[in-house]
Amino acid sequence: MVNKLYDKYLKTFLKKNKLIIFLIILTIIFTIKLPYTIDTPGGYINATKRISLDGAYDSEGSFNMAYVSEIDATIPTLLVAFLNPSWDISKNEDILLENETIDDLLFRNKLALKEANNNAIMVAYKESGHEYNVKKQDFYVVYLDKDSKSNLKVGDKIVEVDQKKITSKEEISKIISEKSIEDEIEFKVINDNKEYKRTATVSNINDSKAIGIVVYEILELETDPKITIKTNNSESGPSGGLMTSLAIYNALTSEDITNGHIIVGTGTIDSDGNVGSVGGVKYKLAGAIKNKAKIFIVPNGENYKEAIELKEKNNYDIEIVGVSTFKETVDYLKNYD
């Protein structure tokens with residue numbers, strides 16, 4: 001009897017609420033995220049307009065950071081990606097380092113952007129003959145190896161190691177090198193505005209003494225002239241470093257090395273001006289083509305090789321420039337006809 005009443009009630013409910021049920025199902029289909037990321041051809045961000053600099057020189061052209069468009073996978077977007085050869089599907093677990101979560105990755109990439117912008121400032125100011133000073137240095141744990149014997153956490157800001165205030169990443173490495181295997185190292189850290197005591201045991205990792213952590217050094221710079229780089233909350237990663245450094249340099253110097261062109265590019269930059277490789281070149285180049293860029297700057301090596309192959313395969317009308325250093329890039333643009 002109870003079952004019959006339940007069945008009758010359920011049938012009545014379904015009949016009267018067909019539209020609501022349909023909308024709920026539709027909402028689930030379009031909003032539930034699947035454990036995949038979809039990469040698509042991107043565009044570029046005008047780095048020149050992002051630089052706010054006292055007494056900046058004008059630029060007729062612009063330096064632009066190429067990017068990859070990433071879409072969260074839902075059932076509809078996944079179906080479109082399967083049918084679109086220019087879209088690629090990646091498992092979220094494949095873009096993570098071993099023993100890393102999505103939140104860890106996001107934190108690491110946010111800090112990588114800050115580090116890239118600091119490197120861009122230092123390189124551009126140094127090359128243009130302007131001054132900067134390091135006011136403050138912070139050291140953050142961004143990754144722990146699966147073999148690490150430590151209770152350190154991603155996001156920890158390291159203040160002291162073995163009761164010694166740290167002023168460089170090299171100091172941490174030196175302390176580790178002076179220890180023996182199975183020695184314990186003490187850390188004072190700050191996380192979420194709270195102070196903690198952590199420890200790490202020195203181990204043999206990849207045939208060397210290590211504690212299995214990766215640390216990023218984030219600087220607070222004082223510059224003359226004063227500079228501000230605007231970024232969006234959605235941005236992360238270091239691949240815009242080279243183009244940011246070029247935009248800063250161009251604002252600091254009277255010679256406009258854009259020569260009035262839309263210049264798009266990608267590549268990391270370190271504090272010594274070395275250009276590093278990046279991912280997603282095919283999407284970034286496609287975005288540059290779509291936006292009618294004149295020049296596409298890319299790191300030498302595999303990135304340059306891939307860009308050249310794509311240009312020839314698709315008959316792209318764009319000049320591909322492979323570079324290894326910031327100075328090499330500036331010299332090329334100064335002599336560009």
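Just after helix 8, Lys 292 takes a positive phi of about 60°, a detail of a model that is predicted. Helix 8 itself spans residues 281–290, and seven of its ten residues are buried, so the helix is largely enclosed by the rest of the structure. The buried positions are Val 281, Tyr 283, Lys 284, Leu 285, Ala 286, Gly 287 and Ala 288, a list in which a lysine and a glycine stand beside nonpolar residues.

**Backbone features in loops**

Most residues other than glycine have a negative phi, and most peptide bonds are trans. Against that background, two aspartates in loops between strands deserve a look, and the table sets them side by side.

| Residue | Phi | Loop | Relative accessible area |
|---|---|---|---|
| Asp 162 | about 50° | between strand 9 (157–161) and strand 10 (164–165) | 27%, partly exposed |
| Asp 192 | near 55° | between strand 11 (184–191) and strand 12 (194–201) | 66%, exposed |

A further backbone feature is the peptide bond from Asp 224 to Pro 225, which is cis, with omega near 5°. Pro 225 belongs to the loop that runs between strand 15 (213–224) and strand 16 (227–229).

**The surroundings of His 130**

Both partners of that cis bond, Asp 224 and Pro 225, are touched by His 130, which also contacts Tyr 125 and Leu 252 when residues up to four places away in sequence are not counted. His 130 sits in the loop between helix 5 (102–128) and strand 7 (131–144), and with a relative accessible area of 26% this histidine is partly exposed. His 130 and Thr 253 are separated by 123 residues in sequence, yet their C-alpha atoms are 9.8 Å apart in space.

**Nonpolar cores**

In soluble globular proteins, nonpolar side chains tend to be buried together. Here the largest nonpolar core comprises 35 residues, and Leu 242, Leu 246, Ile 248 and Ile 297 are those with the most contacts inside it. Helix 7 (residues 241–252) provides the largest share of this core, namely eight residues. Which residues does Ile 248 contact, leaving aside its neighbours within four places in sequence? Its contacts are Ile 51, Ala 120, Ile 121, Ala 124, Tyr 125, Ile 227 and Ile 229; one of these, Tyr 125, is also touched by His 130. A second core, separate from the one just described, has 18 residues, including Phe 139, Leu 152, Ile 175 and Ile 213.

**The protein as a whole**

The secondary structure consists of ten helices and 21 strands. With a radius of gyration of 25 Å, well over the 20 Å that the globule rule gives for 337 residues, the protein is more spread out than a compact globule. Along the principal axes, its C-alpha atoms fill a box of roughly 90 × 60 × 40 Å. Of the contacts with a separation of 6 or more, 73% are made by residues 24 or more positions apart, while buried residues make up 43% of the 337 residues.

The surface that the protein exposes comes to about 19,300 Å², of which carbon and sulfur atoms supply 49%. As for charge, the protein has 42 positive and 51 negative charges, and the mean positions of the two sets are 10 Å apart.

Key
Residues are numbered from 1 along each chain as its sequence is written. This is a predicted model: local features need pLDDT of at least 70, side-chain atom pairs count only at pLDDT 80 or more; totals for chains, interfaces and linings use all residues. Side-chain values use heavy atoms; hydrogens and water are left out. Helices (H or I, at least four residues) and strands (E, at least two) are DSSP runs, numbered from the N terminus. The radius of gyration is taken over C-alpha atoms; the globule rule is 2.2 Å times the number of residues to the power 0.38. Buried means under 20% relative accessible area, exposed over 50%, partly exposed in between (1.4 Å probe, protein chains only). Contact means heavy atoms within 4.5 Å. Accessible areas come from the Shrake-Rupley method with a 1.4 Å probe; for residues, only the protein chains shown count as cover. Lys and Arg count as positive and Asp and Glu as negative; His and the chain ends are not counted. The place of a charge is taken as NZ of Lys, CZ of Arg, CG of Asp or CD of Glu. A nonpolar core is a set of buried Ala, Val, Leu, Ile, Met, Phe, Trp, Tyr and Cys residues joined through side-chain atoms within 4.5 Å.
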